[in-house]
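Got your viewer open? Load the model, switch to cartoon view, and let's take a walk.

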Amino acid sequence: MSPADAPLLLVGFSIRAMACSAAIAGYRRITAVDAFGDSDLHGCARTVSTGRDLGMPFCDQALRSACAGIPRRWFAYGGGMEHRPDLVAELAGGAGLLGNPPEVLRRVRDLRRLHRVCREEDIPVPATLHPPQDSCPRDGAWLRKRTASAAGAGVCGDDGGSLREGEVFQRHVPGRVISCAFLAAPEGVRLLGVTEQLVGREAFGASGFLWCGNVTPLPGKSEMVRWVAEHCRRYAGALTGRFGLVGLNGIDLVLPPAGPPVLLEVNPRFTGSMELFDVPDRPLFGLHSAACLEGELPDAGPWEEGGLFRGKAVVYARRPCRAPGTDEWRRRGRRDIPWKGDRFASGEPICTVLASAPDGAGCLNGLERQAEDVYREMLCLRDGAG
């Protein structure tokens with residue numbers, strides 16, 4: 001039996017992109033468990049939403065309830081699960097795991113261990129203080145960060161207070177926030193591409209350090225882009241060798257005004273930028289499965305297509321609002337599409353928009369125009385979104 005003929009369970013905070021890639025790769029018996037249960041997810045998988053179906057937040061208890069009784073021969077996970085290695089092992093049960101095993105998650109998401117390995121491999125990382133080091137003098141700009149968070153959530157300025165459990169202080173590195181997506185196997189890595197992260201942009205309803213999208217290829221002079229890509233390839237190869245990464249992985253970095261990229265964290269799973277590299281004739285989930293099961297890396301050429309810049313942006317609610325009819329949203333280049341009547345509190349994600357253009361600025365402008373269209377169509381609520 002082909003792996004694609006057996007039931008596949010996918011779990012993640014927002015799993016639509018990964019589920020659609022698996023469907024394109026030929027998987028026909030997909031169940032997707034996430035927080036949203038978006039309308040376009042229903043087109044490629046049976047869905048269970050912790051929020052919509054169970055009325056619960058995306059937490060361990062909700063995930064256990066959502067996954068109970070679902071048949072699975074294969075198990076894979078997306079964002080929000082890298083901090084839960086024990087739950088990954090529990091939910092996988094006796095199924096084949098398509099992704100990094102729990103012991104790899106524990107090691108690579110241990111910030112002390114990661115930084116020790118990076119120093120040994122000559123990979124720059126920010127100065128970081130762990131409890132109880134918060135009493136140490138902190139000169140310059142520092143950030144308070146949660147170690148078990150994603151997409152920039154829980155990152156704020158140093159308020160001078162003490163660290164709580166699961167937090168660190170990290171020196172702020174000025175520069176462009178970028179990400180690298182790669183495929184890993186025992187034989188090495190294959191770089192999918194480097195993206196510029198869109199962070200805290202008001203045009204998409206975001207602020208602070210909140211992630212709100214990506215643009216690829218990395219805008220800039222070709223020599224600089226190649227130089228950054230070579231550093232990312234070296235970092236990815238070194239981390240894969242030291243931690244035993246497999247399948248699809250990502251790393252977040254800062255590109256400072258001078259010097260090489262500084263590594264912020266490793267995302268050992270399908271990341272938000274990856275759908276920008278997902279094309280029908282080589283769906284990423286198929287490559288992910290082959291790398292995990294067979295240790296194979298693809299021989300295909302570069303992922304950059306036709307000289308176009310491609311981008312995605314998450315549109316966050318600026319105020320309490322409700323979705324109108326959304327039947328035409330997919331045709332208009334939107335993804336993670338809500339159902340008619342869905343309500344959103346300020347700061348909650350509404351949908352994802354996509355754009356492409358011959359240059360990075362044109363791509364970003366296209367994303368901003370699409371976001372404004374979404375805002376114009378949403379129905380404002382006077383009494384909140386509850």
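What follows is a short tour of one sheet and the helix that packs on it.

A word on the ground rules: this is a predicted model, where local features need pLDDT of at least 70, side-chain atom pairs count only at pLDDT 80 or more, and totals for chains, interfaces and linings use all residues. Residues are numbered from 1 along each chain as its sequence is written, and side-chain values use heavy atoms, leaving out hydrogens and water.

Start with the whole sheet: 8 strands, open, antiparallel, in the order β14-β13-β10-β11-β12-β15-β19-β17. Strands (E, at least two residues) and helices (H or I, at least four) are DSSP runs numbered from the N terminus, and two strands pair if DSSP finds at least two bridges between them. The edges are β14 (262-267) and β17 (334-335), each pairing on one side only.

Now select β17 with β19 (residues 349-357): 2 bridges link them, antiparallel. Look for R335 opposite T352 of β19.

Next, bring up helix α8 (residues 360-377). It packs on the sheet and touches β11 (188-199), β12 (211-216), β15 (309-316), β17 and β19; contact here means heavy atoms within 4.5 Å. Its direction makes about 145° with that of β19, using lines fitted to C-alpha atoms (for helices, over the stretch in contact) and N-to-C angles from 0 to 180 degrees.

Step across to β15, which pairs with β19 over 8 antiparallel bridges; A313 has V353 as its bridge partner there. On β12, G213 stands opposite A313 too, and 4 bridges join β12 to β15.

Finish on β12. 6 of its 6 residues are buried, so β12 is largely enclosed by the rest of the structure (buried: under 20% relative accessible area, 1.4 Å probe, protein chains only). Another 4 bridges join it to β11, antiparallel, with E196 opposite V215 of β12.

How values were computed. Buried means under 20% relative accessible area, exposed over 50%, partly exposed in between (1.4 Å probe, protein chains only).
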